[in-house]
Number of protein chains: 2
Amino acid sequence: MSPSTSLEQRCIDTIRTLAMDIVQKANSGHPGLPMGCSAIAHVLWSKHLRYHPRNPLWPNRDRFVLSAGHGSALLYIMLHLTGYDLPMSELQRFRQLHSRTPGHPEHGLTPGVEATTGPLGQGFANGVGFALAKRLLADRFNTAEHHLVDHRVYAIVSDGDLMEGISHEAASLAGHLGLGELVYVYDDNHISLDGPTEDTFTDDTLRRFDAYGWHTQRVADGHDPAAVDAALEAAKSDPRPSLIACRTHIGYGSPHKQDTAKAHGSPLGEDEVRLTKQAIGWDPDAHFFIPDDVLTFYRQALDKGACLEQEWDALVRAWSDQNPELARVWERERAGELPKGWAESLPRWEAGDSQSTRVASGQAINALATILPNLVGGSADLKSSNETWIDGHGYFEPGHVDRNLAFGVREHAMCGVLNGMGLYGGLEVFGGTFLCFSDYARPSIRLASLTGIPVIYVFTHDSIGLGEDGPTHQPVEHHMALRAMPNLWVVRPGDANETSYAWRMALGRRDGPVLLELSRQKLPVFTETADDAVLNGGYVMRDAPEGLLPDVLLIATGSELQLAVAAQARLAEEGVRARVVSLPCWEVFDRQDEAYRHHVLPPDVLARVSVEAGVTQGWERYLGTQGVAVGIDHYGASAPEKALYQYFNITTDHVVEAARQSLARTRAAAGLTA
Amino acid sequence: MSPSTSLEQRCIDTIRTLAMDIVQKANSGHPGLPMGCSAIAHVLWSKHLRYHPRNPLWPNRDRFVLSAGHGSALLYIMLHLTGYDLPMSELQRFRQLHSRTPGHPEHGLTPGVEATTGPLGQGFANGVGFALAKRLLADRFNTAEHHLVDHRVYAIVSDGDLMEGISHEAASLAGHLGLGELVYVYDDNHISLDGPTEDTFTDDTLRRFDAYGWHTQRVADGHDPAAVDAALEAAKSDPRPSLIACRTHIGYGSPHKQDTAKAHGSPLGEDEVRLTKQAIGWDPDAHFFIPDDVLTFYRQALDKGACLEQEWDALVRAWSDQNPELARVWERERAGELPKGWAESLPRWEAGDSQSTRVASGQAINALATILPNLVGGSADLKSSNETWIDGHGYFEPGHVDRNLAFGVREHAMCGVLNGMGLYGGLEVFGGTFLCFSDYARPSIRLASLTGIPVIYVFTHDSIGLGEDGPTHQPVEHHMALRAMPNLWVVRPGDANETSYAWRMALGRRDGPVLLELSRQKLPVFTETADDAVLNGGYVMRDAPEGLLPDVLLIATGSELQLAVAAQARLAEEGVRARVVSLPCWEVFDRQDEAYRHHVLPPDVLARVSVEAGVTQGWERYLGTQGVAVGIDHYGASAPEKALYQYFNITTDHVVEAARQSLARTRAAAGLTA
């Protein structure tokens, strides 16, 4: 390289050349953003971010989110340079099987990656979740003397992030709450995958963020480290969330591809990499080259980080000495442990009671909230419908931290924010909306599932049982569409007691999200549902009389459990022995050993009926070839609940008839093979 | 009522009292918006909207969208008052089974309802689609002399609509394109379901829309018809899209519930209805009362509308005389008919070729585009990846109407806009993104399916086969989650030839959307796939040798078809007769008669294997109890495509092994019953 350049410039150029090399070697990836954001990243990691590379999970670190996850090479480069456990060999295995440098950043796979990003806009919302979590923890654990939780949340966001609707929702929420922790840098490079952003995106973005109550700045040259630094300083000293639009050049320095979409999502090509290195005075034959002084400079982060953590440890010790009880709670909650006896606090219901599972869930939330001070949540403007309100507490609002979150009509941001809160740790978080509108939040639910974040979804009005609001609000396909999502547990409790167990399953799970599907309408309460067997995901809820092998299995979930129970009695009158199987959670039931599954669903009993007010696709798993599904394979309608159940034939009569039908099928099949 | 009030006030009060009565009688619904927007609706329907109640589908009508669909009572009232075929008896059956006044407006059920709304923000985007469609048709059919297509698009939007992310995406797009047809009234009532909007939504909304390039106005008193009228006039004379924030009072006039969330989503209660009527000087004992002069006033719309249509008919005749060929095309396209021989234009491929189905789709689009001048579409910033570009045409951009739509990174708005375009009629519309990001657009895909709108989704990169981008971009659950959606056709073609057939299925469908799942990677082309049997959704692609009954069925979709084909050959070497069944579209296959389905999947052949790079949940439908599914029941990974298929065991070897396994199961079962 040219010896005349400053160390700072060499640092920046190291990032640029590594980015080219990494993507070129993989022959896949996005070099443009890492090159364009090289100065920004240099300034962030060397002057602003507070972190400890040897302890990526140091609790009081600043959080950094690369919302523009396609620029993953930038993040990997910075983690490597500053001394995280991400050796050069990993950079050289970018986008290869089993590497820790996947195409888009994956939390849990790579130290220092705070959130899985790539699907645009998600990281923007995750950062808002980090800020909310930080405020909640600071409010409970910081003392006047000791600020245990005291950090910022940084992000790099792209035009793509800002085009996505979730960025609007999350920015509006953050602006409303005045989350000054947020320092977001907008990589304003004027290029998206398809070409110049002016082809489709001509918002006055800073004006837009002004309208949200954000502090906004423009940096005319995003490659000028001093200018970037000054803007970051100004952002940090402003009490509002900050957006800094840095005018950058995608593929900065590439003679033929800078400022073109070609630099966005494809390697520059060997020749262009050479030309670019030559143009900036670097040896074109050197690959993955890091000048010694550059590495030495960045690796100062190790000592700096150790100092930061030591200082903080001392603070924690002093705080802990003065607040031993608080310290115990802090430790326990950060470890994700629940206080002894928490499950016993959940309400139990008596047979003969009648209650909707959403109301039962609201009571469960409030019972839990008294012993779990870190249980926080809210709803996307449906708190009374979702029954998510924690009594005795107010809203989290500007200037007042509290446990009820008002997400507004922003389902997607809600779930993106919950992901950030869940990733932050130390909290038990939930969010509510109508089940039908889980569709609005599906990309965030997917990322919670993919990442394995413990988040609880309180999704109510879970079928045509919601009645008059009609088909636009009535989920029918959602049970199956959500069950299709790997690592998501979908729990549809059959009565109030099962709802308490659903909450036990939800809080008991640490490695992924749990989605509760709850009824609007009241459901009868049963005795058999107050049984730990519910925790198996499926169980014999009411067996055939006298313990005899049943003639037919009636398998139900949620509000349709009562129909199976009623059908069992009716079938008994006809001399047919039916077993009612309640199956609130397929994912958990399918994880039970074969002996248990066969105990609940004996393989020899081929006459089977499923009952669920939803599409029947997928029920074949439990029905086999001779079973009959009672469900609804089309959209609902607007009418009172009872009229809909009758009209769509989700009734006891139909379950009885289906049982007869299935029995006839098994007899016919037996006759054929006999 | 008080005789001193003006006719105008009586009109407005009629809307208010009807709204209360309608919701009260149903004992369900949202009275607050209709009451609060009574003056706005009065001004819109009496002074601005151009419509013909006796011909709700008059092509040149202004479109009105109630994006805040929960205020449906308002729309029904206006339709009734102005003389649409919606009698009082229907208003009195609000939200009842089989009424034409469902809880939220449903297009197709109620004359004059332009779009199904309720899920918030959707209507906002539908309106943008109406405006785009109008421009496209105006560009092709209007002449200097005759403006055949010349109308505006109005909407009432709520705080909920404006909180939703889709409103950001759609507004940004509309502002960019300068769609001055749009006149949107914001019902700025300061109340959402959970309480005051200031609890969570404190955007400076007009500033936000300024930033999008919209014309914005504030009306301080949304109950002042003159002020509303003046603002609408100003909006119409501005070339930009317009947002008019009207400060209104929810539940206007209710002594105890005005300006409270209680008026939002629940009936006021009998007593409060009486009190409100008294307060505005109406007889509290009168229900569903429409003063004669009010009805006479509104019913002028019938004559006015007839005149408008007559004038337009005359214009069409004159235009038609001068442009007979254009007129024929106009008629044909509006009827949704395709020109003769269109299907023959689709490309055919030779066995031995190798092509990705996304590239095949791009060629199909371009082949079709030459004979279907009304085929328009685009991508959410992935045009080169999705292969959606129509050659020889440019972008639809400000000041230039064209057939390539640049939706930006706005999947949700894209699909909401496509819904509007599809509802408008006269166009064949498509939109592309990565299949994984269908999640971002799912609420709009659902409304297309529910409403039955012909929209084509070109969703590419349909599996782990996309390779290095990794699990955040690799769909696994999407095939099943989308198949779960009623009335959506999911087509996953197995090679280039099947892709041409997929486009035939898509364009051939008039009553709902078709979603194409296309591969990134190249796939071998087969001879047997160039067969009309593909149109059955599933067919015997390559049968067991010598026409003998097969021992085992290998059922595959998409890129995995080649594995089934290879496995068949391998099994033949072992003396096992396997039949390859290609099943690109479950929905269409399941609609075939039983004889055909049994011909393809003979019930007696119980040894079966499914091959699809996605979750296996749901495949039991075709596998029965002795089949084996080859799939991937977890998320993918970042690595080159071939490495992933190997690692996740979606291979010919595995299909062969699965076939052996299934055969063993059938033998065991036969042994048991023998």
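**Close-up 1. A:L554 and its partner across two paired strands of chain A.** In this predicted model, A:L554 stands opposite A:V580 in strand β18 of chain A. The two strands concerned, β17 (residues 552–556) and β18 (residues 578–582) of chain A, pair in the parallel sense over five bridges; strands here are DSSP runs of E with at least two residues, helices are DSSP runs of H or I with at least four residues, and both are numbered from the N terminus. Two strands are said to pair if DSSP finds at least two bridges between them. Strands of a sheet pair through backbone hydrogen bonds, either parallel or antiparallel.

**Close-up 2. The five-stranded sheet of chain A and a helix packed on it.** This open sheet of chain A has the strand order β16-β18-β17-β19-β20, with mixed pairing. Its edge strands are β16 (539–542) and β20 (628–630) of chain A, each of which pairs on one side only. Neighbouring strands of this sheet are turned by 30 degrees against each other on average, direction ignored. Helix α21 (residues 561–573) of chain A packs on the sheet and touches β16, β17, β18 and β19 (608–611) of chain A, while its direction makes about 170 degrees with that of β18 of chain A. Contact means heavy atoms within 4.5 Å, and the angles run from 0 to 180 degrees between the N-to-C directions of axes, which are lines fitted to C-alpha atoms, for helices over the stretch in contact.

**Close-up 3. The six-stranded sheet of chain B.** Six strands of chain B form an open sheet in the order β10-β9-β11-β12-β14-β13, and the pairing is parallel. Strands β10 (404–406) and β13 (489–491) of chain B stand at the edges with a single partner strand each, so one side of each is left without a neighbour in the sheet. The twist averages 20 degrees from one strand to the next. Within this sheet, β9 (residues 375–379) and β11 (residues 428–434) of chain B pair in the parallel sense over five bridges, and the bridge partner of B:G377 in β11 of chain B is B:F430. Helix α18 (residues 438–451) of chain B lies across β11, β12 (456–460) and β14 (514–518) of chain B, running at about 160 degrees to β12 of chain B.

**Close-up 4. Where chain A meets chain B.** Here 101 residues of chain A are in contact with 101 residues of chain B. Together the chains bury about 8,200 Å², 53% of it on carbon and sulfur atoms, where buried area is the accessible area (1.4 Å probe) that two parts lose on being put together, summed over both. Across this interface the rule finds 10 salt bridges, each defined as a side-chain nitrogen of Lys or Arg within 4 Å of a carboxyl oxygen of Asp or Glu. A:D210 forms a salt bridge with B:R207, the closest N and O atoms being 3.3 Å apart.

**Close-up 5. A salt bridge between two helices.** A:R442 forms a salt bridge with B:D439, with the closest N and O atoms 3.1 Å apart. This pair crosses between chains, from helix α18 of chain A to helix α18 of chain B.

**Notes to the views.** Residues are numbered from 1 along each chain as its sequence is written, chains are lettered from A and ligands numbered from 1 in the order in which they are written, and side-chain values use heavy atoms, with hydrogens and water left out. In this predicted model local features need pLDDT of at least 70 and side-chain atom pairs count only at pLDDT 80 or more, whereas totals for chains, interfaces and linings use all residues.
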